[in-house]
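I opened the structure today and kept notes on what I looked up. The entries follow in the order I made them.

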Amino acid sequence: MNAIAQSLPKLVSREDVSNLIMMYLIGKSDQPEAAGIVADFYRQAVATSRKWIVTGQESGVIPSSVNADQAAELFELLSFGLRMRSLIGVRSTGFGIQEFSELIMRTLRPDCQGGAPTS
């Protein structure tokens, strides 16, 4: 979780090359090849998140009550949203990287309550 938390600020960096590429590709989403690349990236990100959650469940560090599919989808939707919000230049004080990190922890830690998509 620490490694994930340390990487979250990249989501809102206007200088991060992956964000710039994503914005370019989304701008070209009327072209099937560009749309396919973005969709594949999203699907792969969700699959990776799900795999990490399931691995945590199998190791006993994430409760089995967490719905891995829903949690992975939620995390990636929020990741994409934070990325897009920063790229279009909108600033928010209501929900940012810190709140996202806390949401992930509340969702995945067995000793925390609330915020968890369950089965």
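**Entry 1: surface and overall build**

I looked up the accessible surface of the chain, and it comes to about 7300 Å². Carbon and sulfur atoms hold 57% of that surface. I noted that the model is predicted, so every value here is computed from predicted coordinates.

I then asked how much of the chain is buried. Of the 119 residues, 34% are buried.

For the extent of the chain I took the C-alpha atoms, which fill a box of roughly 40 × 30 × 20 Å along the principal axes.

I went through the secondary structure next. I found 5 helices and 0 strands, and the pattern along the sequence reads α-α-α-α-α.

I also checked the contacts in the chain with a separation of 6 or more. Residues 24 or more positions apart account for 59% of them.

Last, I looked at the charges. The chain has 11 positive and 12 negative charges, and their mean positions are 3 Å apart.

**Entry 2: the nonpolar core**

Which residues have the most contacts inside the largest nonpolar core? I found Ile53, Phe75, Phe100 and Leu108, in a core of 24 residues. The elements that give two or more residues to this core are α2 (17–27), α3 (32–59), α4 (68–87) and α5 (97–108). Helix α4 gives the most, with 8 residues.

I took Ile53 and listed its contacts, leaving aside neighbours within four places in sequence. The list holds Ile62, Val66, Ala68, Ala71, Ala72, Phe75 and Leu108. Two of these names, Phe75 and Leu108, I had already written down among the residues with the most contacts inside the core.

**Entry 3: Phe100**

I went on to Phe100, which is found in helix α5. Is Phe100 buried or exposed? Its relative accessible area is 1%, so I wrote it down as buried.

With residues up to four places away left out, Phe100 is in contact with Leu8, Leu11, Phe75, Leu78, Ser79, Leu82 and Phe95. I also took a distance to Met22, which lies 78 residues away along the chain. The C-alpha atoms of Phe100 and Met22 are separated by 20 Å.

**Entry 4: aromatic pairs**

How many aromatic pairs does a search of the whole structure find? The search gives 4. I wrote down two of them in detail.

One is formed by Phe41 and Phe80, with 5.8 Å centre to centre and 50 degrees between the planes, and it counts as tilted. This pair links distant parts of the chain, as Phe41 sits in helix α3 and Phe80 in helix α4, 39 residues apart. I compared the accessibility of the two residues. Phe41 is partly exposed at 38%, whereas Phe80 is buried at 13%.

Another is formed by Phe95 and Phe100, also tilted, with 6.5 Å centre to centre and 55 degrees between the planes. Phe95 is partly exposed, with a relative accessible area of 27%, while its partner Phe100 is buried.

I also noted a cluster, in which ring pairs link Phe41, Tyr42 and Phe80.

**Entry 5: Ser86**

I picked Ser86 in helix α4. Its relative accessible area is 3%; the cut-off for buried is under 20%, so Ser86 counts as buried.

What does Ser86 touch, not counting residues up to four places away in sequence? I found Leu11, Val12, Ser13 and Arg14. Leu11 is also on the contact list of Phe100. The C-alpha atoms of Ser86 and Asn19 are 67 residues apart along the chain and separated by 9.3 Å.

**Entry 6: Asp69 and Gly60**

I stayed in helix α4 for Asp69. Asp69 is partly exposed, at 46% relative accessible area. From Asp69 to Ser49 I counted 20 residues in sequence and 8.7 Å in space, C-alpha to C-alpha.

Where does Gly60 lie? I found it in the loop between α3 and α4. Its relative accessible area is 56%, and exposed means over 50%, so Gly60 is exposed. Gly60 and Met1 are 59 residues apart in sequence, and their C-alpha atoms are 15 Å apart in space.

Methods: Residues are numbered from 1 along each chain as its sequence is written. This is a predicted model: local features need pLDDT of at least 70, side-chain atom pairs count only at pLDDT 80 or more; totals for chains, interfaces and linings use all residues. Side-chain values use heavy atoms; hydrogens and water are left out. A nonpolar core is a set of buried Ala, Val, Leu, Ile, Met, Phe, Trp, Tyr and Cys residues joined through side-chain atoms within 4.5 Å. Buried means under 20% relative accessible area, exposed over 50%, partly exposed in between (1.4 Å probe, protein chains only). Helices (H or I, at least four residues) and strands (E, at least two) are DSSP runs, numbered from the N terminus. Contact means heavy atoms within 4.5 Å. Accessible areas come from the Shrake-Rupley method with a 1.4 Å probe; for residues, only the protein chains shown count as cover. Lys and Arg count as positive and Asp and Glu as negative; His and the chain ends are not counted. The place of a charge is taken as NZ of Lys, CZ of Arg, CG of Asp or CD of Glu. Rings of Phe, Tyr and Trp (its six-membered ring) pair if their centres lie within 6.5 Å; planes under 30 degrees apart count as stacked, over 60 as edge-to-face and the rest as tilted.
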